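Here is a quick tour of a two-chain model, helix by helix. Have the structure open and turn it as you read.

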Amino acid sequence: MATHESHKKRSGLMDWLTTVDHKKIGILYLLAGGFFFLIGGLEAILMRIQLMEPDSKIFTGELYNQLLTMHGTTMIFLAAMPIIFGFMNAILPLQIGARDVAFPYVNAVGFWLFFFGGLLLNLSWFLGGAPEAGWTAYAPLSTVAEDTGVDFYVLGLQIAGAGTLAGGINFLVTVINMRAPGMTFMRMPLFTWASFVTSGLILFAFPALTVGFFLLMFERVFDANFFNPDMGGNVLIWEHIFWIFGHPEVYILILPAFGIISEVVSTFSSKRLFGYSAMVFATVLIGFLGFMVWVHHMFTVGLGPVANSIFAVATMAIAIPTGVKIFNWIFTMWGGQIRFTTAMLFAVGFIPTFVMGGVTGVMLSVPAADYQYHDSYFVVAHFHYVIVGGLILGLFSGLYYWYPRMFNRVLNETLGKWNFWLFFIGFHLTFFPQHWLGLMGMPRRVYTYMSGQQLDGANFVSTIGAILMGLGTIVLLINIIISASSKHAASKDPWDGRTLEWAMPVPTPEYNFAQTPLVRGLDALYVEKAAGNGEMTPAEPVGEIHMPNGSILPFFLSLGMFVAGFGFIYSNWIVAIVGLGGVLVTMFLRSVIDDHGYHIHKEEVEADIKGGRA
Amino acid sequence: MADHHNTTEPTVHRHEEIQRKLALKEERKHHNVSFVMMILLTIVAFFAIWSDKISDSFAVIFILTLAVVQVFFQLYIWMHLSHKGHDFPIWGMASGVLIAAITVASLMGMIWTS
């Protein structure tokens with residue numbers, strides 16, 4: 001029962017650099033991911049400006065290749081995944097009634113590794129040029145590239161990927177071990193379920209990427225020959241390894257969006273989710289099947305009809321659990337008291353858009369047809385329909401839905417609707433014509449096209465759409481600035497929520513629940529509301545709350561990796577050793593310094609409860 | 001914690017104590033057996049290669065099989081996977097092994113046999 005008085009409250013910048021609080025780390029992920037999202041979006045608009053007119057010469061050749069590589073890499077690894085992690089951090093522990101994630105320190109390490117990895121990758125713009133081998137970095141294109149761009153890609157993503165892996169493991173342990181009393185697996189909100197399955201996919205898929213990056217790094221930095229056929233290597237190994245990671249990766253991206261949509265649709269239809277157990281099963285099944293379909297990215301490699309057919313059938317099978325989800329969302333809305341808030345608009349817009357992406361996905365999964373579509377704009381249209389039309393709409397929906405919980409302010413609904421319509425119409429204008437561009441033979445990743453091939457009109461429309469999407473995003477930024485400067489704090493439950501994250505006052509106390517809640521059914525908060533209680537029944541008396549201390553070590557550990565990354569990129573071994581030495585020192589310090597955290601006293605918690613702060 | 005039990009129900013506590021001791025004894029026996037077995041398996045694997053008596057292709061399969069047996073000893077006897085509360089580690093490892101096996105098998109099939 002010893003209290004640890006070593007706890008000192010930090011403030012300002014130092015608080016954010018040292019925080020191990022899942023809510024603050026969630027905000028950090030969201031801010032950093034949002035920043036990279038803007039960079040990736042800018043790169044996309046620059047590409048669309050180049051493609052607006054035929055024979056245009058604004059961003060050509062090498063520079064265009066750099067733009068397309070960095071757009072894809074940034075959006076997948078540095079924007080989409082961190083924003084997902086932001087929501088998982090901010091919301092998942094609240095949804096299961098936990099005080100924090102299982103390993104708060106590791107959580108901070110994960111964030112800072114991602115941040116410094118992303119920073120390293122993006123610094124390539126100023127240090128001799130960004131990578132230009134595509135986000136897939138196929139060998140031998142990536143192994144023979146002379147400049148340091150691909151080195152930045154390998155080292156930057158290796159560091160960021162380590163952070164992601166740490167985060168994934170953390171959430172797995174959190175969900176398994178930290179659920180509140182009564183929160184059985186089949187009572188977990190769908191977002192928590194989706195995050196749980198996603199974390200499992202991260203655990204199994206990211207090691208493949210890590211291995212691939214190590215091989216590529218050894219090939220480039222130490223002249224190894226894994227992918228060099230002249231020396232007994234095989235270029236195909238990279239493609240396989242990349243897609244063994246890469247296909248689960250797209251499910252890592254989309255499953256949390258499915259989770260968000262499930263929460264939003266259920267809340268704003270004022271109905272419990274239709275077919276909850278089928279939804280859970282479909283999520284797990286999609287995660288499982290996601291590992292057996294990677295060859296559909298490689299149909300034209302020439303692996304033979306047997307391999308192609310097996311993977312084609314496996315790919316088509318994924319449409320079944322996905323279809324189950326689509327119908328369950330529709331049935332959830334059916335007969336519900338639907339409120340078309342901005343979050344709900346994004347969710348409703350998501351459903352048909354994602355179906356369109358799914359349908360082109362089934363088209364692409366037919367190997368014979370894929371020979372026609374492969375490497376054309378049809379593929380670009382397909383994966384933007386599932387990633388932007390699926391994932392990004394889902395993330396926007398989640399942002400408007402959870403913003404009051406995360407930032408203590410409600411985003412303006414009028415501006416939100418402008419944001420939705422501009423982005424939604426812009427999105428379809430951008431990518432719908434690209435289906436036809438692809439079918440007419442326009443290849444992807446090529447910086448120009450000739451006039452007189454009937455490609456002009458659709459490309460022009462596509463660029464206009466991209467600008468509309470940019471405007472929609474600017475409206476969101478304005479909305480965020482307005483809400484941040486407004487004095488109106490959000491109420492604790494602005495949407496009449498159904499799940500545990502709406503059961504606490506705003507701002508969320510640092511210990512989340514003053515007393516761990518007792519969960520008595522699916523949609524735990526709704527169960528209590530329906531029973532006339534209005535708030536959660538506590539599962540424990542008010543007591544001391546044990547909290548972890550913040551630490552600056554995760555920041556320096558990641559900084560060490562960042563420095564070491566530069567050492568490897570420029571083959572400067574002194575810098576590399578200094579960086580890795582710094583990593584070891586922080587690890588050593590973490591191991592020898594005994595930090596038991598601190599306690600929030602019972603009296604303080606009681607005062608918080610009395611004052612309406614807990 | 002012990003004195004708490006003593007003051008309330010001494011006989012029940014005694015009974016539990018004996019049961020726990022028996023279980024521990026049983027476990028110690030398992031540990032001893034598996035320890036000897038693991039040393040034996042290692043010696044067998046070593047001799048399979050060192051003696052040069054069996055063909056290389058069979059030797060590889062043979063020592064891999066021995067390795068798998070050792071992994072099970074390790075997981076179940078030394079890391080207590082058979083005890084209660086290990087459902088998640090077992091599920092995690094089993095699905096990991098399944099995915100790895102599918103991946104490696106299809107990779108080998110596609111890269112080196114066609």
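For the angles below, axes are lines fitted to C-alpha atoms, for helices over the stretch in contact, and angles run from 0 to 180 degrees between N-to-C directions. One thing to keep in mind throughout is that this is a predicted model.

## Where the chains meet

Start with helix H8 of chain A, residues 235-268, and helix H4 of chain B, residues 87-112. Their axes come within 11 Å and cross at roughly 155°. Angles over 145 degrees count as roughly antiparallel, so that is what H8(A) and H4(B) are to each other. As for handedness, H8(A) goes past H4(B) in a right-handed crossing.

Which residues do the meeting in this pair? On the H8(A) side they are A:Leu236, A:Ile237, A:His240 and A:Ile244, and across from them in H4(B) sit B:Thr103, B:Leu107 and B:Ile111. Sort that contact by class and you get five nonpolar residues, two polar ones and no charged ones. Taking the chains as wholes, 12 residues of chain A are in contact with nine of chain B. The chain B side of that contact has six nonpolar and three polar residues, with no charged ones.

## A look at chain B

Chain B has four helices and zero strands, so to speak an α-α-α-α run when you read its elements from the N terminus on. Of its 114 residues, 1% count as buried.

The domain assignment splits chain B into domain 1, residues 2-82, and domain 2, residues 84-114. Taken over C-alpha atoms, the centres of domain 1 and domain 2 of chain B are separated by 24 Å.

## Two helix pairs inside chain A

Now for packing within chain A. Helix H9 (residues 276-289) and helix H10 (residues 305-333) of chain A have axes that come within 9 Å and cross at roughly 155°. That angle makes H9(A) roughly antiparallel to H10(A), and H9(A) passes H10(A) in a left-handed crossing. From H9(A), the contact takes in A:Ala278, A:Met279, A:Ala282, A:Leu285, A:Ile286 and A:Leu289. Their partners in H10(A) include A:Ala314, A:Ala317, A:Ile318, A:Pro321 and A:Lys325. By class, the contact of H9(A) with H10(A) has 11 nonpolar, two polar and one charged residues.

The other pair is helix H6 (residues 149-177) with helix H7 (residues 190-221), again in chain A. Here the axes come within 8 Å and the crossing angle is roughly 150°. H6(A) and H7(A) are therefore roughly antiparallel to each other, and H6(A) passes H7(A) in a left-handed crossing. The residues of this contact divide into 16 nonpolar, nine polar and two charged.

## A buried threonine in a loop

Last stop: A:Thr516, found in the loop between helix H15 (456-485) and strand S1 (517-518) of chain A. Is A:Thr516 buried or exposed? The cut-off for buried is 20 or more other C-beta atoms within 10 Å, and A:Thr516 has 22, so A:Thr516 is buried.

Which residues does A:Thr516 touch, leaving aside neighbours within four places in sequence? The contacts are A:Gly97, A:Ala180, A:Pro181, A:Pro538, A:Ala539 and A:Glu540. A:Ala180 is 336 residues away from A:Thr516 along the chain, yet the two C-alpha atoms are separated by 6.5 Å.

Methods
Residues are numbered from 1 along each chain as its sequence is written. Chains are lettered from A and ligands numbered from 1 in the order in which they are written. This is a predicted model: local features need pLDDT of at least 70, side-chain atom pairs count only at pLDDT 80 or more; totals for chains, interfaces and linings use all residues. Angles under 35 degrees count as roughly parallel, over 145 as roughly antiparallel, 65 to 115 as roughly perpendicular and the rest as oblique. A crossing is left-handed if the near helix is turned anticlockwise from the far one by less than a right angle, and right-handed if clockwise. Two residues are in contact if their C-beta atoms, placed from the backbone, lie within 7 Å. Ala, Val, Leu, Ile, Met, Phe, Trp, Tyr, Cys and Pro count as nonpolar, Asp, Glu, Lys and Arg as charged, and the others, Gly among them, as polar. A residue is buried if 20 or more other C-beta atoms lie within 10 Å of its own, exposed if 12 or fewer, and partly exposed in between; C-beta atoms are placed from the backbone. Domain bounds come from an automatic or database domain assignment.
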